[in-house]
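The exercises below are to be worked through with the sequence and the coordinates open side by side. Each task is followed by a solution that proceeds step by step.

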There are 2 protein chains.
Amino acid sequence: MTLPPQADSSRPTEAGAAPVGKAIPEATVVRLAVYLRVLGQLGEGGAETVSSEELASLSGVNSATLRKDLSHIGTYGIRGVGYEVAALQHELERVLGLDHPQAVALVGVGNLGHALAGYGGFGGRGFPVTALFDVDPELVGSTIDGIEVRHVRDIAAACPAAGVTIGMIATPAQAAQQVCDQLVAAGVHSILNFAPTFLQVPDDVEVRKVDLAVELQVLAFHVAGRGGISEHGTTSPRVVHGRNGSAVVAT
Amino acid sequence: MTLPPQADSSRPTEAGAAPVGKAIPEATVVRLAVYLRVLGQLGEGGAETVSSEELASLSGVNSATLRKDLSHIGTYGIRGVGYEVAALQHELERVLGLDHPQAVALVGVGNLGHALAGYGGFGGRGFPVTALFDVDPELVGSTIDGIEVRHVRDIAAACPAAGVTIGMIATPAQAAQQVCDQLVAAGVHSILNFAPTFLQVPDDVEVRKVDLAVELQVLAFHVAGRGGISEHGTTSPRVVHGRNGSAVVAT
DNA sequence: AAGTGTGAACAGCTTCACAGCC
DNA sequence: GGCTGTGAAGCTGTTCACACTT
């Protein structure tokens, strides 16, 4: 067994016709999502413009990093002033593909899955959960927030019908690969994996993983005394510390 | 498929006296946790030794990366043979600080928090949840899996008493910073943050973040067509595959 | 005066390639 | 012969520093 040695990070591959010239680094994409959230909070707070310094600080990154990130998507700042909150927000939404909702399918409605299904945050933010699957006879047929839980074997049929573009796997590890294969067969090319296993997928499928056990173990490592300390993020930024206290975010 | 990485880096800072000579890169620590899981599976399967090639492939990384990672913690391989599964497993547990349990406090027992509290996986893996907190009067006083939910204001008193070393924040964004400050005041130096906000903490506190909205947005970006495609991991590794497993879903 | 955009320096992590040991 | 351990090379992403704009 072996595999394609692919090894890179950002790919030069241009899959679609994006209005952007070059490829955007993965690390940058992650931060763009963070900036977008902060911009939303700033907008609610009534701010019209923000400086790179301020936006960076609220996002937990270095201001040079932020400016470079934004330079990847074009130039939307005003020298001497900063960025227009609303304009930048819309631009980021467009780049991230949030201008139209992405239907999500959730497989595995056990403990964690059930919580994810009921987690209102998704639907409101452009990620409506439109399909639920499980194998447990007790669950299949029941409904959660108005969505019926169907049997995993229906994935191939139900996902396309529901317009699903993103799949979330919250099953036990042993089942994850199989479920993943079914999602892929159903045309789902983006998967968020909560199961503690490495998923093998074709080259045109994107998998992101959230592994709670690993997160805790990394923290344990730091508790044990080794390692430096800083604000890392799984998803988040680099380091940077801030100052303790002050600066409260609006939300 | 491929994949890059992550989001964080490492710090040179040496916080404690570890038996290891140099500092271990953050990226390496994350992968060590992954290797440990795979070793556990191999051990259950009866394997005595593994080659770097096999372990790497099952973990989704390049074999050279794996060997370099292990070289950071000393030399436990046998040239011409591979690694002893059990020995390496114990060594990794030791390095990650898993030889004694880390008590976890969970703040925010709403939707997600409740699922995390009930998620049996933690206690069994050395991370017993020993304290729960919330502000909702409906929840305070109730018990989940035998643990009483206490009011957030008791954090400072209850955490030290329960021997808490790791805190998990699953509150709404607006409350997160305040809760974080209280955990820090209670002596908790390692925090796993599920709230969508950047937490400001003193230099000696480690924060890791899990942001579901960001994960979905990054996936949306790929659905939208930009970006290369690969197996990324929030937490996870690089590439390479494992084998397709059979097994049925159990939930 | 203030703040963006960016070339260039820097740092860290990954991969190669091979010497050395079993 | 097979496989680990590791110096060296290659990359990617981050940070600096400053020219340029408003």
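**Exercise 1. What area does chain A expose, and what share of it do carbon and sulfur atoms supply?**

Before the solution, the conventions: this is a predicted model, in which local features need a pLDDT of at least 70 and side-chain atom pairs count only at pLDDT 80 or more, while totals for chains, interfaces and linings use all residues. Residues are numbered from 1 along each chain as its sequence is written, chains are lettered from A and ligands numbered from 1 in the order of writing, and side-chain values use heavy atoms, with hydrogens and water left out.

Step 1. Chain A exposes about 10,100 Å², of which carbon and sulfur atoms supply 52%; the areas come from the Shrake-Rupley method with a 1.4 Å probe.

Step 2. Of the 251 residues of chain A, 52% count as buried, where buried means under 20% relative accessible area, exposed over 50%, and partly exposed in between, with a 1.4 Å probe and protein chains only.

**Exercise 2. Determine which stretches of chain A have a pLDDT under 50.**

Step 1. The average pLDDT of chain A (the predictor's confidence in each residue, from 0 to 100) is 84, and 81% of the residues score at least 70.

Step 2. Residues 1-21 of chain A stay under 50, and the model has 34 contacts for them beyond four places in sequence, a contact being heavy atoms within 4.5 Å. Residues 233-251 of chain A are likewise below 50, with 60 contacts in the model beyond near neighbours in sequence.

Step 3. Where pLDDT is low, the predicted coordinates should not be read in detail.

**Exercise 3. Describe how the protein meets DNA strand D.**

Step 1. There are 26 residues around DNA strand D, and A:R31, B:S52, B:T75, B:R79 and B:Y83 come nearest; a residue is near the strand if one of its heavy atoms lies within 4 Å of it. Of the atoms of DNA strand D that come within 4 Å of the protein, sugar and phosphate account for 65%.

Step 2. The residues of this surface divide into 7 nonpolar, 11 polar and 8 charged, with Ala, Val, Leu, Ile, Met, Phe, Trp, Tyr, Cys and Pro taken as nonpolar, Asp, Glu, Lys and Arg as charged, and the others, Gly among them, as polar.

Step 3. Polar side-chain atoms of A:T65 and B:Y83 lie 2.8 Å and 2.7 Å, respectively, from a phosphate oxygen of DNA strand D, whereas a polar side-chain atom of B:K68 lies 3.2 Å from a base oxygen.

Step 4. Helix 3 of chain A gives the most to the surface near DNA strand D, with 4 residues; helices (H or I, at least four residues) and strands (E, at least two) are DSSP runs, numbered from the N terminus.

**Exercise 4. Is B:E91 buried or exposed, and which side chain does B:E91 meet in a polar contact?**

Step 1. B:E91 lies in helix 4 of chain B, residues 85-95, and counts as buried at 10% relative accessibility.

Step 2. Leaving aside neighbours within four places in sequence, B:E91 is in contact with B:I73 and B:Y76. The side chains of B:E91 and B:Y76 are joined by a polar contact of 3.1 Å, that is, a pair of N or O atoms within 3.5 Å, of which, within protein, one must be able to donate a hydrogen and the other to accept it, residues adjacent in sequence counting only if both atoms are side-chain atoms.
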